[in-house]
Structure formats: C-alpha cells, structure tokens
Amino acid sequence: MPNKTYQIGSCVFTLVSEEPIEDSCPFMKFLSDRREDITVRVWRCALPPVSGELLFRDAVRKVYVDGGRQYTYRSYFDSARGEYREFACRMTGGGKEELIIDYPDALWDRMIFEALDLPELLLRGKEVMLHSSFITVNGEGVIFAADKQVGKSTQAALWQQFAGAKIINGDRAVLGLRDGQLTAWGSPFCGTSGISENESAPVKAVILLSQGTKNTLSPLYPGKAFRSIIGKMTYNQWDLRSAENAADMAALIADGRVYHYSCRPDESAVRTLEKELCRN
C-alpha cells in the first residue's frame, strides 16, 4: 500500500491508503521520512450508516459515539447542488485512527487532513494551531494573532519589507514546547496569504493585534493574555478533553512574552514594536 508521512508541528502522521494520495503544493513541503507518531488507515468506500449517540452537529460536522468509538462525519458545500454533501467519516477509538472517504474525484492530502481534524490531533500532542501570522527575525519567531481582517498578514508583510523578516505562514502557526522552549512551526494551512513554509523557531513574542490610529503597545499579564489567546485557537469547544487541552496550551503561551498592540498599517508600527522587542 502506498504510504505518505508528514510532519506538522513536532507530530508525524503516516497515511496508509490502497490508492494514491495526490499532493497539494503546501502539503508537499511537510512530507517526512521520520517514524510516525500517528498512523491513519484511509479507505475509499461508502460511508458507514449513522448510529449511536449524537454529541455535536453543525453545517460541516456530525459527531456520534457508539460502542466506545467516535464517528465524525464531514461535509463540504457542493455549489452545483447548492447544498452540503457528506464526504468523510473519521473513526476513532480502540487505539486506531481510520478515515473513510466517499468522494468522486481523487484523494487529496488536504482533504484528508481536514477530515481528520488536524488541530484536534495536534492538541493531543500538546500543540495548538493558532490563527496568526508567523515571521522570523534573526532566528526568532514573532507571532501576530488576530481575528480575520484585523491585519495580521499586513503586519507580517510590513516586517518583511522594513525589517528583513521572513514570513513562515500568513494565517496559521502551530505552537508548542520543544526542549522546554515555546516554539512555533509553520503549517500547510495558510489561508488567502498563500505563504506556507516548513520551518520552526523559538518564540520571542506573541502580539495580539487590533487596528488603531496610533501605535500603542501594552504587555499583558497571564490572566488577560489567556482570555485573548484561547479565542484565537482552533479546538472543539463541545469536547471537554479538547477544551482542557486548549486551556493548558493557552496558559502556557500566556505565561510568555505577550502584548496587545493597537497599531497603524505602516512602517511606524514596525519601528515601535521593534524597539520594544530589542530591549530583551
């Protein structure tokens, strides 16, 4: 069977499938030859019938538990039909991860990782996917976290232009500990920025952004930082274990160097923050 192995964050995933898994550009950068932490068996067949107790439901997911196993059905919006269509079922439990795909076209790596709920798998390994832009400056990582349309990609681009920074990811970074140091990794999910590099760096600071008419930088104590950071994380709020893992990670990140930054979309925002970060 053709296997494919990927490293995302520090976690290594092997996908085992009877038919080829097609490559998409961002995911190709994350292929690995390391020994896997998680093996997922991928099947191409009809989805199993729904049974058991319903735990959660929204437009794209239905989650059931039955006989000690959890079944998560995933859907996508079929624009031709004008409706959502189920295409995958992830089956978890008994020490096994299995994924059934029922889709008319080729199997794609991105499709598989979306159906597997990658952020949740990362949380099991004490790493978290954060909605953020991730840059490196002099070998250290700076994380710009914000809601959509606030300007995290804009600030990353300004640092690239005026401070020689490298943009590792324009939309999502993975954060966790490596050798006791808070570390950021690039991820294959990069949103509309299109920027996705498979690189990592120790985190110098996490910057929680808002838009402003002047540049105002304020360090955040852990309690206030925690509340802001957990709102930028990807986790299953309906699942107690997921919420607890996310809370643990938010507390870990909040205990580091975290700022709220109300700033302008210009070079002055870079210089103000650069001056503060150079103090330590």
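This tour proceeds through a predicted model, from its open sheet to its pockets and then to individual residues.

**The open sheet**

Begin by selecting the strands of the open sheet, of which there are 8. Their order is β1-β2-β4-β9-β8-β7-β6-β5, and the pairing is mixed. Next, colour β1 (3-8) and β5 (53-57), which stand at the edges. Each of these two has a single partner strand, so one side of each is left without a neighbour in the sheet. Neighbouring strands of this sheet are turned against each other by 25 degrees on average, with direction ignored.

Within the sheet, select β7 (69-78) together with β8 (residues 83-93). These two strands run antiparallel and are joined by 9 bridges. To locate one position along the pair, pick T72, whose bridge partner in β8 is R90.

**The largest pocket**

Keep β7 displayed and add α2 (109-116) and α3 (118-124); each of the three supplies at least two residues of the lining of the largest pocket. The volume of this pocket is about 600 Å³. Its lining comprises 27 residues, and those closest to the centre are R74, R110, E114, A115 and F189. Which element gives the most to this lining? The answer is α2, with 5 residues. Colouring the lining by residue class shows 14 nonpolar, 4 polar and 9 charged residues.

**Helix α2 and the residue after it**

Now isolate α2 and colour the helix by accessibility. Of its 8 residues, 6 are buried, and the helix is thus mostly covered. The buried positions are D109, M111, I112, F113, A115 and L116. A115 therefore appears twice on this tour, being buried in α2 and among the residues closest to the centre of the largest pocket. Step on to D117, just after α2, where phi is positive at about 60 degrees.

**The second largest pocket**

Move to the second largest pocket, which holds about 420 Å³ of space. Among the 19 residues that line this pocket, K148, Q149, K152, D171 and T192 are the closest to its centre. Helix α4 (residues 152-163) provides the largest share of the lining, 3 residues. By class, the lining has 3 nonpolar, 10 polar and 6 charged residues.

**Two loop residues with positive phi**

Most residues other than glycine have a negative phi. Two loop positions can be inspected with this in mind.

Select Q149 again, in the loop between β12 (140-145) and α4. Its phi is near 65 degrees, a positive value in a residue other than glycine. Is Q149 buried or exposed? Q149 is exposed, with a relative accessible area of 76%.

Then centre on K126, in the loop between α3 and β11 (127-137). K126 is not a glycine, yet has a positive phi of about 65 degrees. With a relative accessible area of 41%, K126 is partly exposed.

**A buried threonine**

The last stop is T183, which lies in strand β15 (residues 181-186). T183 has a relative accessible area of 2%, and is buried because this value falls under 20%. What does the side chain of T183 reach? Display the backbone of Q181: the side chain of T183 reaches the backbone oxygen of Q181 at 2.9 Å.

Technical notes. Residues numbered from 1 in each chain as written. Predicted model: local features only at pLDDT ≥ 70, side-chain atom pairs only at ≥ 80, totals over all residues. Heavy atoms only, no water. 1 Å grid on protein atoms, 1.4 Å probe; cavity = no way out; pocket = protein on both sides within 12 Å on 5 of 7 lines; lining within 4 Å. Points joined across faces, edges and corners; volume = space filled by probe spheres on them. Helix = DSSP H or I, 4+ residues; strand = E, 2+ residues; numbered from the N terminus. Nonpolar A, V, L, I, M, F, W, Y, C, P; charged D, E, K, R; others polar. Buried < 20%, exposed > 50% of the residue type's maximum accessible area, 1.4 Å probe, protein only. Pairing = 2+ DSSP bridges. Axes fitted to C-alpha atoms, helices over the stretch in contact; angles between N-to-C directions. Polar contact = N/O pair within 3.5 Å; in protein donor to acceptor, adjacent residues only side chain to side chain.
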